[in-house]
Amino acid sequence: MQAINIQQQLVQAQAWQEVFLARVDDYEWKAIFALGEYPWHQHDERDDCFLVMSGCLGVALSDGTVYVRAGEMLVVPRGVRHRTFSTEGAQVLLFEPVTSK
């Protein structure tokens with residue numbers, strides 16, 4: 001068993017590339033470096049959880065935009081259409097069921 005250095009895991013990652021960090025029961029911790037825009041989408045089978053480690057992540061929704069800053073978390077409920085973006089870059093943790101794509 002050893003500690004996982006999240007920043008080190010993200011060094012080689014492309015923007016929006018999910019980097020697997022760990023499995024916890026039936027869930028996976030993943031990290032991404034958000035830069036630019038991710039396409040509009042929704043998840044009908046699960047919620048989307050964003051925990052921002054550094055920077056700021058914008059989450060556009062049909063009724064406005066939420067800005068999630070370092071140390072903050074946002075849960076987008078299943079079925080809610082959204083688009084994520086970051087103009088300056090953000091390190092973000094994702095917590096997803098193992099079966100998520």
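**Exercise 1. The hairpin of strands 1 and 2**

Work out how strand 1 and strand 2 pair, and over how many bridges.

*Solution.* Strand 1 and strand 2 run antiparallel and are joined by 5 bridges. Please keep in mind that this is a predicted model.

Next, look at the end of the ladder, where Val 24 faces Tyr 27 of strand 2. The two strands make a hairpin with 2 residues between them. Asp 25 sits in that loop between strand 1 and strand 2, and its phi is positive, at about 55 degrees, although Asp 25 is not a glycine. Most residues other than glycine have a negative phi. As for its surroundings, Asp 25 is exposed, with a relative accessible area of 67%.

**Exercise 2. Two loop residues with positive phi**

Find where Trp 16 lies, and decide whether Trp 16 is buried or exposed.

*Solution.* Start with the place: Trp 16 belongs to the loop that links helix 1 (6–10) to strand 1 (19–24). Then take the backbone: the phi of Trp 16 is positive, about 70 degrees, and this residue is not a glycine. Finally, check the accessibility. Buried means under 20% relative accessible area. Trp 16 has 16%, so it is buried. Set beside it, Asp 25 has a relative accessible area of 67% and is exposed.

**Exercise 3. Strand 6 and its partners**

Describe the surroundings of strand 6 (residues 82–97), and say how many of its residues are buried.

*Solution.* Begin with burial: 12 of the 16 residues of strand 6 are buried, so the strand is largely enclosed by the rest of the structure.

Now turn to the pairing with strand 2 (residues 27–37), which is antiparallel and covers 10 bridges. Two bridges help you to trace it: Tyr 27 is partnered by Pro 97 of strand 6, and Gly 36 is partnered by Ser 86 of strand 6.

The next pairing is with strand 3 (residues 48–61), which runs antiparallel to strand 6 and is joined to it by 9 bridges. Here Gly 58 has Phe 85 of strand 6 as its bridge partner.

To close the step, return to Tyr 27: this residue has Pro 97 as its bridge partner in strand 6, and it also stands opposite Val 24.

**Exercise 4. A buried glutamate**

Which residues does Glu 28 touch, leaving out those up to four places away in sequence?

*Solution.* First place the residue: Glu 28 is part of strand 2. Its relative accessible area is 15%, so Glu 28 is buried. Then list the neighbours that Glu 28 touches: Phe 20, Ala 22, Arg 23, Leu 94, Phe 95, Glu 96 and Val 98. For the strands involved, recall that strand 2 pairs with strand 1 and with strand 6.

**Exercise 5. Met 73 and Asp 47**

Determine how far Met 73 is from Cys 49, in sequence and in space.

*Solution.* Met 73 is located in strand 5 (residues 73–76). The separation from Cys 49 is 24 residues in sequence, while the C-alpha atoms are 7.2 Å apart. Beyond its neighbours within four places in sequence, Met 73 makes contact with Cys 49, Phe 50, Leu 51 and Val 68. Even with these contacts, Met 73 counts as exposed, at 53% relative accessibility.

Now compare Asp 47, which lies in the loop between strand 2 and strand 3. Its relative accessibility is 35%, so Asp 47 counts as partly exposed. Apart from residues up to four places away in sequence, Asp 47 touches Val 75, Val 76, Pro 77 and Arg 78. The C-alpha atoms of Asp 47 and Pro 97 are 9.6 Å apart, with these positions 50 residues apart along the chain.

**Exercise 6. The whole chain**

In what order do the elements run from the N terminus, and what is the radius of gyration?

*Solution.* Count the elements: there are 1 helix and 6 strands. Their order is α-β-β-β-β-β-β. The radius of gyration is 13 Å, close to the 13 Å that the globule rule gives for 101 residues, so the chain is as compact as a globular protein of that length.

The C-alpha trace spans about 45 × 30 × 20 Å along its principal axes. Of the 101 residues, 38% count as buried. Among contacts between residues at least 6 apart in sequence, 61% join residues at least 24 apart.

Finish with surface and charge. The accessible surface is about 6400 Å², and 51% of it belongs to carbon and sulfur atoms. There are 8 positive and 13 negative side chains, and the centres of the two sets are 3 Å apart.

Conventions:
Residues numbered from 1 in each chain as written. Predicted model: local features only at pLDDT ≥ 70, side-chain atom pairs only at ≥ 80, totals over all residues. Heavy atoms only, no water. Helix = DSSP H or I, 4+ residues; strand = E, 2+ residues; numbered from the N terminus. Rg over C-alpha atoms; globule rule 2.2 N^0.38 Å. Buried < 20%, exposed > 50% of the residue type's maximum accessible area, 1.4 Å probe, protein only. Contact = heavy atoms within 4.5 Å. Areas by Shrake-Rupley, 256 points an atom, 1.4 Å probe, with all protein chains shown as cover. Lys, Arg positive; Asp, Glu negative; His and termini not counted. Charge placed at Lys NZ, Arg CZ, Asp CG, Glu CD. Pairing = 2+ DSSP bridges.
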